[in-house]
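This briefing sets out computed features of one protein chain, beginning with a single helix and moving outward to the core and the whole fold. Please read it alongside the sequence and the coordinates.

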Amino acid sequence: MSDENLQQGSDPFPVNRNFSTRESSPGGNPTEVDLDRSAAAIAELQQLKQELQFREQQLHLALESAGMTAFTWDLRSDRVEQLVNPRSSEAADQPICTLLDKLQYIHPADRDRYEAALTEALYQTGQLEVEHRQILADGSIVWLMDKARVIYNAADEPVQLIGVATDITERKQVEQTLQNREDKLKSFIDANVIGILFGDLQGRILDANDELLKIVGYTREDLRSGKLQWDKITPPEYSSLDALYIAEATEKGACTPYEKEYIRKDGTRVPVLVGYSLVGEARQESVAFILDLTARKQTEESLKTTLQRLTLHIQNTPLAVIEWNRKMQIERWSQEAERIFGWRSEEVLGKAWADLGGFVHPEDAPQVYAAVQELVNGQRSRNTNCNRNYRKDGSVIYCEWYDSAIVDESGNLESLLSLVLDISERKRIEDERMKVEAERQEAEAELREKQRFIQQIADTTPEIIYVHDLLLRSNVYINRQVWTLLGYTPEEIQAMGANVLPNLIHPEDLRELENHLAKLAALQEDEVVDWEYRMQHANGEWRWFLGRETLFRRTPDGKAQQVLGIIRDVTDRKLAEVALQQSEFHYRYLAESIPQLVWTANPLGGLIDVNQRWLDYTGLTLDQTQGDGWTTAVHPDDLPDLLQQWTIACEQATLYRAECRMRRQDGLYRWHLVQAVPLKNEQNQIIKWFGTSTDIEDQKQIEQQRTRLLDMERIARSKAEEANRIKDEFLRVLSHELRTPLNPILGWSKLLKSGRLSAEQAQRAIVTIERNAKIQLQLVNDLIDMSEILRGKLDLTLQPIDLIPVIQQAIDRVKFAADAKSIRLQFHPTPAVCHTLGDAARLQQAIWNLLNNAVKFTPEGGRVEVKLESMSAPASPTAHSPLPTPHSPIHSSTHPPLYAHITITDTGKGIHPDFLPHLFEYFRQQDGSTTRQFGGLGMGLAIVRHIVEMHGGTVLVSSPGEHQGATFTVRLPLP
């Protein structure tokens, strides 16, 4: 039996409600008719029973296939019986129960409603149809639909309820889902958050919410009357755009949201964002969502304007604006950042600070990194930091960084904005201020220390220190030494007030008090006034004091108000002066009696007095002599040492002894022995110096003559020894040089005389003999030249000559020897430098000597370079060449002459710096090995120098050192 038959009201169990079993006749004996009827009834009952069993089997199959549960409720026995149980139910363990048991499994929220429906079915409608939630044995809940019919007895009383329970849980869930969606959609539409319309592709709007009507400015009456159509309120320029997105929606079912405009009822336009879906099988109806973009457009415009203003502010702000992305790479770099750091924006955008090559000062990097990490990790949203940064040019600046971070929903860094202020100038000012503050504190500490020091001095000094007020004529301050020197306490002195001076000063000295006070009133800054006077001790004794006073304070109008003074007890000195005056008479008598120049000086060394003999000798007056005036009588060369020794003696209080030349009245200087002894007091302090100056000129002359004779003897002996050494060396070398070419001459001569030599060997012998003979001839010629030079007999044949051929011929003479050693011999003449006045043969001899030495001392494969050029003035002479002394007729101009410079540079043996000064001396060679290895008498360079000097020129030599080559320069004057 289907659920549909139950819903149409058919009876699932068709039983004849008129059928009943009647009782037998009274007396208990049935009649025949009764028996026939009973038999028929039994037969009918059996047939019905079979049919009922068949029907029951069909019912079981139908219920099982339909997922239903059949149940019966016998009202008379209150017995509920489960007929079919294809699914789990509340009666799985109790197929037979009471109604109360069944109601316990109905959800409490549905129980009252179920009982009400059951009562209505039993006593009114005869049918039960109710949905309810059922609690299963495992605690889960399912929705069931119970449908049943009431069976009545003959008295029309309900006796049984027969029905089925259908599981509608899935349907209920679907219905609930749909209902939820409908509720959400309705609440969304009613919320008027966004405009919503229901229309079709023909432009009609079938329905719309209030928000849409508000957007386009129409009323709901306009909507009902058909005045509102979406194609009519769309401006013509958007028709093609609508068509494009309608095609997309037709194909896909929905379109991509796009922006357009609607024409409002008042004619104005409103910007909107439109998105819609096409529904229905033909996709002709639409559901559209309309978002009013007016506020967003205004916001965008406002944001654009704000952004423009912000950009302008960023460009004009004194703060550099730097924006970093989540990778800490630069995304914004303002103009001020360019100015502060020196990098242009295109140089830094997309780079991290590490890419800038040390952007942060190394000492500040840990602090900066920690601050950035706090922002990156979300620990802080903003911070302020002060550190040093490098500019592009490498200079260091102080910057103040104001950083703020923006993070996403997950707390990850999205962006970091840095505002940077260059505080280098402020830092400099702060440093200066701190320096000034430190200096101020140091000065205050120093002042306190000085005050403490002054107080200690005041407490420990043997003098009386006081501050006297000139206006009040009383002491403002006086130290404790007043007790020691005068026998009064500071309090007693203060108590005397203005009477302190009249009470203490001697009557004779009191007469000068007013004059002294007048001097104090007129004191200038740093001016000191001295006054000697007597004061009476508390014991009645008069004592002498020296007072020294200076200005301490002025009144606001500039008048002297207070003076600072020191009083020293000079009683002993006064007594000593009296004694000294008595002894001075004796001293002066003695000083005038002795033949020396006698003088006295103060403890500091200033001359006080001299005897008459001093004045007569120097021609100076006493005034001219006193103080430092005596120094004018001392020879200027002796004065510095004399003053230095005199200063030391004054400082150390030792005996003084020195020698100097003193000018006599006629201007003649004579040597004197100056001696002085200090006169000291009991405290070992110098009171005065007593000195004499004794004439020792005769002794000095004798000593100087003796010293001069000794020096002359020593020099002569040294020269003689040097001459003997040079002579011995020269003779040794000469004998060696003369014997060396003779050996091959004699050897080859013997071989020639033997007649055993071939023609080739004989020719070689002749060549060897000739070469060695020329060497010996050159030695002889050098000896002759040297002899003529020493005797002054070497003459020149002066005539106009061309220097280039002269030099070239000298080069040709050594070319063979140079080629034999593979030495590159180069000549660089200047054509303009050609002619001079000289002896061509002698100049060639000099040039050859220099070239020969260069080739001789240059190793194989070396280089010798000769240059000829002119210069407007000669180079400064060195210690390795004689000074140019133009004495020949070649020098005739009064203007600086032109010189021809012949420079010969080699890469040879070089010259030791110690030997350079002796290079051009006669018979001198650097060491004995030179003669043994290269030969020569040590006369060549001496001859060169003499020949060049005879031409009015000079020859110079320079060498960086041994094995570094040498350069010889011949300078000849040009006409």
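At 1.5 Å a residue, the 17 residues of helix H26 (residues 840–856) should span 24 Å, and because its end C-alpha atoms are 23 Å apart, the expected and computed values agree. The model is predicted, and the points below, grouped by topic, describe this helix, the nonpolar cores, a buried aspartate and the protein as a whole.

**Helix H26**
- The helix is mostly covered, in that 13 of the 17 residues of H26 are buried.
- At the N-terminal end of H26, Asp839 acts as a cap, with a side-chain oxygen placed 3.1 Å from the backbone nitrogen of Ala841.

**Nonpolar cores**
- In soluble globular proteins, nonpolar side chains tend to be buried together.
- The largest nonpolar core here holds 42 residues, of which Leu851 and Phe968 touch the most other members.
- At least two residues of this core are supplied by each of helix H25 (803–820), H26, strand S30 (863–871), strand S31 (899–906), helix H28 (940–950), strand S32 (954–958) and strand S33 (966–973).
- H26 provides the largest share of this core, namely eight residues.
- Once neighbours within four places in sequence are left aside, Leu851 is in contact with Ala810, Ile811, Val814, Leu825, Val864, Val866 and Ile904.
- Separate from this, a second core of 26 residues has Ile493, Val500, Leu513 and Phe545 among its members.

**Asp509 and its surroundings**
- Asp509 is located in helix H17 (residues 507–510).
- With a relative accessible area of 10%, Asp509 falls under the 20% cut-off, and it therefore counts as buried.
- A polar atom of the Asp509 side chain lies 2.7 Å from the backbone nitrogen of Arg534.
- Apart from its neighbours within four places in sequence, Asp509 is in contact with Trp531 and Tyr533 as well as with Arg534.

**The protein as a whole**
- The secondary structure of the protein comprises 28 helices and 33 strands.
- The protein has 975 residues, and 37% of them count as buried.
- When contacts between residues at least 6 apart in sequence are considered, 52% of them join residues at least 24 apart.
- The area exposed by the protein is about 57,800 Å², and carbon and sulfur atoms supply 53% of this area.

Definitions and conventions. Residues numbered from 1 in each chain as written. Predicted model: local features only at pLDDT ≥ 70, side-chain atom pairs only at ≥ 80, totals over all residues. Heavy atoms only, no water. Helix = DSSP H or I, 4+ residues; strand = E, 2+ residues; numbered from the N terminus. Buried < 20%, exposed > 50% of the residue type's maximum accessible area, 1.4 Å probe, protein only. Polar contact = N/O pair within 3.5 Å; in protein donor to acceptor, adjacent residues only side chain to side chain. Contact = heavy atoms within 4.5 Å. Expected span 1.5 Å × (residues − 1). Areas by Shrake-Rupley, 256 points an atom, 1.4 Å probe, with all protein chains shown as cover. Core = buried A, V, L, I, M, F, W, Y, C linked by side-chain atoms within 4.5 Å.
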